[in-house]
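Biologist: Got a minute to walk me through this one? I'd like to start with the cysteines, then go on to charges and strands.

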Amino acid sequence: VQLQASGGGLVQAGGSLRLSCAASGNIFSMSGMGWYRQSPGKERELVATATLAGSTNYADFVKGRFTISRDNAENTVYLQMTSLKPEDTAVYYCNARLQTTRQFKYSDYWGQGTQVTVSS
């Protein structure tokens, strides 16, 4: 199973970016998907999650600015980021909880990370 993230980059404060993450491989069943981020010297933190049914959860520091969505047919999760701030600068990682065709239990898989840099 692979999670391929894309869409990061350099943007000015107040700008927008859209991250995408597609899961592929021997996927039998998907569950939750989400985005996390990690800044230098800090622990990885939750940004937003979305269940298979579409329920969403956001960290307080992105509420009203970021929107998570997913395309279940494509096993893809998106993160629309608006009103970006310099403190949003981090490596953003996508996460998916899923079953593979070879393992019954659900396990967490991670993308490789995509850098988001917001300049002031």
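Modeller: Sure. C21 and C94 form a disulfide, with their sulfur atoms 2.0 Å apart; a disulfide here is a pair of cysteine sulfur atoms within 2.5 Å. Keep in mind that this is a predicted model, where local features need pLDDT of at least 70 and side-chain atom pairs count only at pLDDT 80 or more, while totals for chains, interfaces and linings use all residues. Residues are numbered from 1 along each chain as its sequence is written, and side-chain values use heavy atoms, with hydrogens and water left out.

Biologist: How many disulfides does the structure hold?

Modeller: One disulfide.

Biologist: And which parts does the C21 and C94 pair tie together?

Modeller: C21 sits in strand β3 and C94 in strand β9, so the pair ties together parts that are 73 residues apart in sequence. Strands here are DSSP runs (E, at least two residues), and helices would be H or I runs of at least four, numbered from the N terminus.

Biologist: Which hand does that disulfide have, and why?

Modeller: The disulfide is right-handed, because the torsion about the S-S bond of C21 and C94 is about 50 degrees.

Biologist: Are C21 and C94 buried or exposed?

Modeller: Both C21 and C94 are buried. Buried means under 20% relative accessible area, exposed means over 50%, and partly exposed is in between, using a 1.4 Å probe and protein chains only.

Biologist: OK, switching to charges. How many salt bridges does the structure hold?

Modeller: Five salt bridges. The cut-off is a side-chain nitrogen of Lys or Arg within 4 Å of a carboxyl oxygen of Asp or Glu.

Biologist: Which residues are linked in a network of them?

Modeller: R37, E45, R65 and D88 are linked that way. Within that network, R37 forms a salt bridge with E45, the closest N and O atoms being 2.9 Å apart. R37 also forms a salt bridge with D88, and there too the closest N and O atoms are 2.9 Å apart. This R37 and D88 pair links distant parts of the chain, 51 residues apart: D88 is in the loop between β8 (76-81) and β9 (90-100), and R37 is in strand β4 (residues 27-38).

Biologist: Where do R37, D88 and E45 stand, buried or exposed?

Modeller: R37 counts as buried because its relative accessible area is 5%. D88 is buried too, at 1% relative accessibility. E45 counts as partly exposed, at 29%.

Biologist: What about K63, which residue does it form a salt bridge with?

Modeller: K63 forms one with D60, the closest N and O atoms being 3.1 Å apart. K63 counts as exposed because its relative accessibility is 51%, and D60 counts as exposed at 63%.

Biologist: Back to β4. Is it mostly covered or mostly open?

Modeller: Mostly covered: nine of the twelve residues in β4 are buried.

Biologist: Which strands does β4 pair with?

Modeller: β4 pairs with β9 in the antiparallel sense over nine bridges, and with strand β5 (residues 45-50), again antiparallel, over five bridges. Pairing means that DSSP finds at least two bridges between two strands. As for partners, G34 is matched with N95 in β9, and W35 with A48 in β5. In the hairpin of β4 and β5, six residues lie between the strands, and G41 takes a positive phi near 80 degrees.

Biologist: Since you mention β9, what does R97 touch there?

Modeller: R97 is in strand β9. Leaving aside residues up to four places away in sequence, R97 touches M30, S31, G32, Y106, S107 and D108, where contact means heavy atoms within 4.5 Å. R97 counts as partly exposed, at 39% relative accessibility.

Biologist: Last topic. Which strands form the open sheet?

Modeller: Four strands, in the order β1-β3-β8-β7, with antiparallel pairing. β1 (2-6) and β7 (66-71) are at the edges with a single partner strand each, so one side of each is left without a neighbour in the sheet.

Biologist: And where does C21 come into that sheet?

Modeller: C21, in β3, is the bridge partner of A5. β1 and strand β3 (residues 17-24) pair in the antiparallel sense over five bridges.
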